[in-house]
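Open the model in your viewer and set it to a cartoon view with side chains available on demand. The stops below go from the sheet to the helix and then to the core.

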Amino acid sequence: MTPVERLLAKLPDAKPAGKGWAARCPAHEDRRASLSIAEGDDGRALVCCHAGCTVENVCEKVGLRVADLMPPCEPKRRSRPNIVTAPPRVPGEERDDWIRGWLSFQNWKENER
């Protein structure tokens, strides 16, 4: 159940209005629908009483917590660094690598002529 569905279940008089819903605010005596409810981009329930009631008061009157208006947060997965171990070095190997590279360059240079 999404946060908006959870809140709408507590507001039986809620009706679709525009991109969201409108209902009578449970936090004060209301003759007309002054409470706007919509779903945010991240799934949270957006609640606004146009008479000035706070979200905390609205939630308290319907038996919800403000945290109930938020989608469940996914635990962030900690990425483990890729640990690559180099093969053991043999003394003088760097010099051998350099010589092989230099000879390869010389061979390439002569083939380009």
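Two strands count as paired here if DSSP finds at least two bridges between them. The model on screen is predicted.

**The edge at β1**

Select Pro16, then Trp21: Trp21 in β2 is the bridge partner of Pro16. Widen the selection to β1 and to β2, residues 20–23; three bridges join them in the antiparallel sense.

**Across the sheet**

Now show the strands together. There are four of them, in an open sheet ordered β1-β2-β3-β4 with antiparallel pairing. β1 (15–17) and β4 are the edge strands, and each has a single partner, so one side of each lacks a neighbour in the sheet. From one strand to the next, the twist averages 30 degrees.

Step from β2 to β3 by selecting Ala22 and Ser36. Ser36, in β3, is the bridge partner of Ala22, and the two strands pair antiparallel over three bridges. For the next step, select Ile37 and Val47. Val47 in β4 is the bridge partner of Ile37, and β3 and β4 run antiparallel, joined by five bridges.

Follow the chain through the hairpin of β3 and β4, where five residues lie between the strands. Pick Gly43 in this hairpin and check its backbone: phi is positive, near 100 degrees.

**The helix on the sheet**

Which strands does α1 touch as it packs on the sheet? Select α1 and look for its contacts with β2, β3 and β4. The direction of α1 makes about 150 degrees with that of β3.

Within α1, colour Pro3, Val4, Leu7 and Leu8, which are buried. These residues lie on the same side of α1, because the arc they cover around the axis is only 130 degrees. The buried residues of α1 pack against β2, β3, β4 and also α2.

**The core**

Next, select Leu7, Leu11, Leu35, Ile37, Val47 and Leu69. They have the most contacts inside the largest nonpolar core, a set of 16 residues. Add the elements that each supply at least two residues of this core: α1 (3–10), β3 (35–39), β4 (45–49) and α2 (55–62). Ile37 and Val47, the bridge partners visited earlier, are thus back in view.

End at Leu11. What is Leu11 in contact with, apart from its neighbours within four places in sequence? Show Ala23, Arg24, Pro26, Leu35, Ile37 and Val62 around Leu11.

Terms used. Residues are numbered from 1 along each chain as its sequence is written. This is a predicted model: local features need pLDDT of at least 70, side-chain atom pairs count only at pLDDT 80 or more; totals for chains, interfaces and linings use all residues. Side-chain values use heavy atoms; hydrogens and water are left out. A nonpolar core is a set of buried Ala, Val, Leu, Ile, Met, Phe, Trp, Tyr and Cys residues joined through side-chain atoms within 4.5 Å. Buried means under 20% relative accessible area, exposed over 50%, partly exposed in between (1.4 Å probe, protein chains only). Helices (H or I, at least four residues) and strands (E, at least two) are DSSP runs, numbered from the N terminus. Contact means heavy atoms within 4.5 Å. Axes are lines fitted to C-alpha atoms, for helices over the stretch in contact, and angles run from 0 to 180 degrees between N-to-C directions. The arc is that of the directions from the helix axis to the C-beta atoms.
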